[in-house]
Structures are given as structure tokens and as C-alpha cells.
Amino acid sequence: MKKIINIALLALFVLVIFSSCTLLSAGDDSSSLTITLPASKDRATISCSSYSVELKSSAAQYKQSGLAGSTIKFSNLAVGKYSVLVYGFDSSNAITAFGNAEAKVKSHENTEVSIALSKAISTWEQLENYLDANKGMESVELFIAGTLSADSEIKIENTVIINAAPNTKIQRATSYKDPILYVKAGGYLTLYGDSASYLEFDGKNVPALSPLIQLKIENGDETNGTGLSMNYCSVQNCTASTSNSSFSGSALCLEGNSSDKRASVSLHNCNFKNNSSAASGAAIYLNYASATLDNVTFTGNSAENGGALYLASSSASAASALSFSGNSANDCGGAVFINEDSSFSDKSKSSYSGNTCAAPASEKGSNIYCKKSGEYLLDSAEISETDTSRGFVKSAD
């Protein structure tokens, strides 16, 4: 009996040790990253009392805050690469500085990252000068804050990432009528707004001669890498006052030059409201281009054709439900106009309400108008014939 008890105790002891080792091993698997924050007067031009640190990866996003001179530790991170953004705040809680870096987190390893900070860009002239000075760089990342009045055209020819502080606004100067951001062939612009208060683009209802943001691949350009990504952005009150088709899309205009030289746009958590065009596609105009739309809202936009969205030799797809409300066309496609050789895939049960077109709506399409060789797919089923009850029309010629 005593022998049996001893064997049982030994087995229990081995089980406890094994369990402890298992727990220790599981604990060791957690990866972490330590951020070393600059002191409040790390540079003569910067005086920050606290910082906010943001880690971004393709899988997740983390955010923490800390006082100047302290350290912040992120634990239980997935192994991989992270972009590290540090925002500096002064005593009035205004952003006065920013910094960025990249960190690679490995299992069983703490990675320390120190950030050199610079002042946030707060004027359009500063932004233009900064990008001009770094146009030879393959990739540039920067931070903007406040209200920037755009009175010139900034050309993007490389990869540019712009992060915006909360309540940041870019508005068209009342005397300026050309594009404020022009992404040329081979350039790629990424805009990150704040999730709580979107990066706001305001056309100020200036009767402009061109769209607010333009992407264009000219004839002869030997690249198709031109693109735009907008995240947590709002574009409103853009007005294109000319009926010239070259100036369609008062908010965004994307133009490739052939089927294999296409411009592209990716929109995530964005809204377009109260934009108008005397030509086509007040919010977005696509010509030899492609668009991915994820949680995008179109409200109160108006144009001659395609009140919100116009596709010419282009494609657009909805990654999640979209919202089209109160958009209008003087002719066809109150919300969307799909020209020949174009396609619009919206299988996410998007909302269409209060959109209008010219009479008769049964021929013009209050929601979507599609030319004969165009294609649109809704709610997982291709609509090939007119469905006037839903405002979807496909022309017979």
C-alpha cells in the first residue's frame, strides 16, 4: 500500500513539474516591444509633456500613451513587422511633434525602439517644401496637424504616407481652382485619418476647373503603379464648374491611359458628401482605373451622369456594404453610371435610398445606370435587365 502511495505521489509531482514547464513555455511565447520615449526637451524645438504611441501591422493596431522620458511596453504582440508612430503632446494637449520607425518583433525577444521626433507639419507650404525636398526618396512618411489651406498643386512621384492628427483639415484656398494633390505615374499616396475624427478634405464650394485629388498616367508613361489609398477620410463641398470631360470627378479623378496602364484607388472608412460636377461622377470618376470600396458613404453628390460614381473602361468592387443616399444625376445614374466595358461588383447588400435621375427613371436609372456592354452585380446575382422597382437600369443599346 505504501509503495502504491509513493508511486502516486511521484506521478503527481511529475505532473505538477510538467504543468509548470508547460505554463512557463506558454508564457515565454509572448512577444513584446519596448518604446523609449524622448524626454520633454529632446530637441530644442520640441517641448512635449506626453506621447501617444501607435503600432500598426497588417493584422492589428495598438495604441498607448506615456509621459515624456518614460518607456512603454507592448506585450503579447504577434510576431512580425510593425510601423511605430509616436505623437507628441504639449500641456494643452495639442500635437507638436511626431516620429516614426519600423520594428520587427520576434518570439522570446524584447525589441527596443527609440524615436527621433520632429514638429508636425501644419501648413500647406511646409508640406509642399517637405515633399519637394524628399522627392528623391523611395518612400516618405510624415505627420500633419491643424488646418492646411491648399493654394498650390503638390505632385506625388514616389511613395508618400501622410498621417493626420485628430481634427485635421485640408481645405481648398478660395482663389485656387486646380488639383491640390496630383499623383503622377509611379507615385502612390496613402492617407491615414483619425478613426474618431476623419481627415477632412473641404473643397469650400470653390467653382474649380479640376478635381481636388487627381491621379493620371500620361500617354507614354511606362508604369501602372499609380495609386491612392484613403483611410478614415471625408471629402466634401468640391465643385467642378466645367463640363469638360477631362475635369470629371470634382473630388477624385483617376485616369490611366490603357487597359494595362491603370490607376487604382482603395478607400476604407471614407465618406463623400455634397460634391458636384457639371460633367460626370461628382465624388469619383474612373477612366482606365480600378477601385476597391470598403465602408464608403456617398451622400448628396450630384453630376450630369453618375451622381456619385462614374466608370469608363474601369472596374469597382465593394468589399463591404456601401451607402448611397440623396445623390442625383441631371441625366443617367443617380448614384452610379457604368459605361461600356466597365464593371461594378456590389455583393455586400449596400444601401440605396433617395437617389434621383432625369425622367423617366425607368430608362435613366435613379440608382444605377449601365450601358449595354457594362456589367453590374448586386446581392450575389447579376442584373442583366431593367429593374425599375429598385432603380437599376441596363440600356438595350
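## Strand pairing, aromatic rings and backbone outliers in a predicted model

Strand E28 (residues 315-318) and strand E32 run parallel and are joined by three bridges. Helices (H or I, at least four residues) and strands (E, at least two) are DSSP runs, numbered from the N terminus, and two strands pair if DSSP finds at least two bridges between them. This is a predicted model, in which local features need pLDDT of at least 70 and side-chain atom pairs count only at pLDDT 80 or more, while totals for chains, interfaces and linings use all residues. Residues are numbered from 1 along each chain as its sequence is written, and side-chain values use heavy atoms, with hydrogens and water left out.

**Strand E32 and its partners**

In the pairing of E28 with E32, Ser-317 has Ser-345 of E32 as its bridge partner. E32 is also joined to strand E35 (residues 375-378) by four bridges, and these two strands run parallel. Here Phe-344 has Tyr-376 of E35 as its bridge partner. Side chains alternate along E32 (residues 343-346): Phe-344 and Asp-346 point to one face and are buried, whereas Ser-343 and Ser-345 point to the other and are not. Buried means under 20% relative accessible area, exposed over 50%, and partly exposed in between (1.4 Å probe, protein chains only).

**Other strands**

Strand E7 (residues 110-114) has a covered face with Thr-111 and Val-113, and an uncovered face with Asn-110, Glu-112 and Ser-114. Strand E1 (residues 31-36) pairs with E7 in the parallel sense over five bridges. In that pairing, Thr-111 of E7 is the bridge partner of Leu-33.

Five strands form an open sheet in the order E3-E2-E5-E6-E8, with antiparallel pairing. Strand E3 (61-67) and strand E8 (118-119) are at the edges with a single partner strand each, so one side of each has no neighbour in the sheet. E8 pairs with strand E6 (residues 95-105) in the antiparallel sense over two bridges, and Lys-119 in E8 is the bridge partner of Ala-97.

**Aromatic rings**

A pair of aromatic rings is described by the distance of the centres and the angle of the planes. Rings of Phe, Tyr and Trp (its six-membered ring) pair if their centres lie within 6.5 Å; planes under 30 degrees apart count as stacked, over 60 as edge-to-face and the rest as tilted. By this rule there are 12 aromatic pairs. Two of them are tabulated.

| Ring pair | Centre distance | Plane angle | Class |
|---|---|---|---|
| Phe-298 and Phe-324 | 4.8 Å | 5° | stacked |
| Tyr-352 and Phe-392 | 5.5 Å | 85° | edge-to-face |

The stacked pair links distant parts of the chain, with Phe-298 in strand E25 and Phe-324 in strand E29 (residues 323-325), 26 residues apart. Both Phe-298 and Phe-324 are buried. The edge-to-face pair also links distant parts of the chain: Tyr-352 is in strand E33 and Phe-392 in strand E37 (residues 392-394), 40 residues apart. Tyr-352 counts as buried because its relative accessibility is 18%, and Phe-392 is buried with a relative accessible area of 2%. Ring pairs link Phe-272, Phe-298, Phe-324, Tyr-352, Tyr-376 and Phe-392 into a cluster.

Lys-56 lies over the face of Tyr-192, at 3.8 Å from the ring centre. A charge sits over a ring if NZ of Lys or CZ of Arg is within 6 Å of the ring centre and within 35 degrees of the ring normal.

**Backbone outliers**

Most residues other than glycine have a negative phi, and most peptide bonds are trans. Asn-237, which is not a glycine, has a positive phi of about 55°. Asn-237 is in the loop between strand E19 (227-236) and strand E20 (239-240), and counts as buried at 17% relative accessibility. Tyr-288 has a positive phi near 50°. Tyr-288 is in the loop between strand E24 (284-287) and strand E25 (289-299), and counts as partly exposed at 29% relative accessibility. A cis peptide bond joins Ala-359 and Pro-360, with omega about -5°. Pro-360 lies in the loop between strand E33 (351-353) and helix H3 (361-364).

**Totals and confidence**

The protein has three helices and 37 strands. Of its 397 residues, 48% count as buried. Mean pLDDT (the predictor's confidence in each residue, from 0 to 100) is 86 for the protein, and 87% of the residues reach 70 or more. Over residues 8-28 pLDDT stays under 50, and the model has two contacts (heavy atoms within 4.5 Å) beyond four places in sequence for them. Where pLDDT is low, the predicted coordinates should not be read in detail.
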